[in-house]
Amino acid sequence: MDLEAAVAAHYTTDDLLGRIEAALRADGKDPDNLNPEDIVPLEHMHTGGLRATRAAITALRVTPSDLVADIGCGIGGTTRELVRQTGARAIGIDLTPDLVAVARELSRRTGFADKTEFLVGSALELPLKDNSVDAAIIMHIGMNIRDKRRMISEAARVLRPGAPLALWDVMLGDVSLPVRFPVPWAQSEATSHLAPPQDYREAAAEAGLHPEFEQEYYTETLSAGTRTDPAKPPAPLGPHLMMGANAPEKIRNHKDNMNVGAVVPVQMLFRKPD
């Protein structure tokens, strides 16, 4: 199995939409009559949750007339939040067909279908034309991608001149420290390709992008709806629905890795020159 197939398999779970619907009912929600807020605990599967999503979107400074690419969109949480926060149109691209199908359905049920589009595709070969989007966002996918240069050069290719790229990833921290597995993005090192921030900077420079902003960003929870105490059942709705049976262990390990500095969540903003 090649790397992309292995990564897609990691994020593929049986009947995800059905389990989301069951979790919504358990949480007192009607799956057929959803407000955007109803699925927030589920759809921001990255360090910092919705708060981090909004920070990355704010950094883009897009307008309602813009078209934004969400590269590695998962079930579309960032894609929909882009529309909700800015009024822009958004295209989500993800490697995993099951996640794209769920993203489309959740957008339909929450009223975002007219301004969102979801495509199956690789971040290393985006199904978009050159100079076709006004901004792009990459949220927590680089950890699964060995070729960071190709990932960032593809994002640069589809950006229009002067357009920004917001990148929010878990990066390698103290290289003397081991990374504990499993983690939310990988069961083992086989599909984890962490790299230090310098690798991202160099990849962006090679792609012709100019750096504008960078900061480390740490939070102790992936989502307000996620608990890591094995003695307590998780809340019905949360990222654990996409992580499998060992979700609590993955989340605990991620927190432990951040706490000791083995990994570092970093936000970066780059811009394509005019």
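With the whole protein displayed as a surface, about 11,600 Å² is exposed, and carbon and sulfur atoms supply 50% of this area, as worked out by the Shrake-Rupley method with a 1.4 Å probe, where for residues only the protein chains shown count as cover. The model is predicted, with local features needing pLDDT of at least 70 and side-chain atom pairs counting only at pLDDT 80 or more, while totals for chains, interfaces and linings use all residues. Residues are numbered from 1 along each chain as its sequence is written, and side-chain values use heavy atoms, with hydrogens and water left out.

Switch next to a cartoon view, in which the protein has nine helices and seven strands; these are DSSP runs numbered from the N terminus, helices being H or I with at least four residues and strands E with at least two. Of the 274 residues, 57% are buried, a word that stands for under 20% relative accessible area, with exposed meaning over 50% and partly exposed in between (1.4 Å probe, protein chains only). Among contacts with a separation of 6 or more, 79% join residues 24 or more positions apart, a contact being heavy atoms within 4.5 Å.

Now select residues 49-60, which form helix 4, a run of 12 residues reaching 18 Å from first C-alpha to last, close to the 16 Å expected at 1.5 Å a residue; the expected span is 1.5 Å times one less than the number of residues. Its buried residues are Gly-49, Leu-50, Ala-52, Thr-53, Ala-56, Ile-57 and Leu-60. They lie on the same side of helix 4 because they cover an arc of only 160 degrees around the axis, taken from the directions from the helix axis to the C-beta atoms. Add the elements that these buried residues pack against, including helix 3 (40-43), helix 5 (77-86) and strand 7 (263-271). Just after helix 4, look at Arg-61, which takes a positive phi of about 55 degrees.

From there, go to Thr-86 in helix 5, which counts as buried because its relative accessibility is 15%. Leaving aside neighbours within four places in sequence, Thr-86 is in contact with Ile-57, Val-62, Thr-63 and Pro-64. The C-alpha atoms of Thr-86 and Thr-63 are separated by 6.1 Å, although the two are 23 residues apart along the chain.

Finally, select Lys-272, in the segment after strand 7. Not counting residues up to four places away in sequence, Lys-272 touches several residues, among them Asn-131, Arg-157, Pro-161 and Leu-209. Lys-272 is buried yet has no salt bridge, and the nearest side chain of opposite charge, Asp-130, is 7.5 Å away. A salt bridge here is a side-chain nitrogen of Lys or Arg within 4 Å of a carboxyl oxygen of Asp or Glu, and for charge Lys and Arg count as positive and Asp and Glu as negative, with His and the chain ends not counted.
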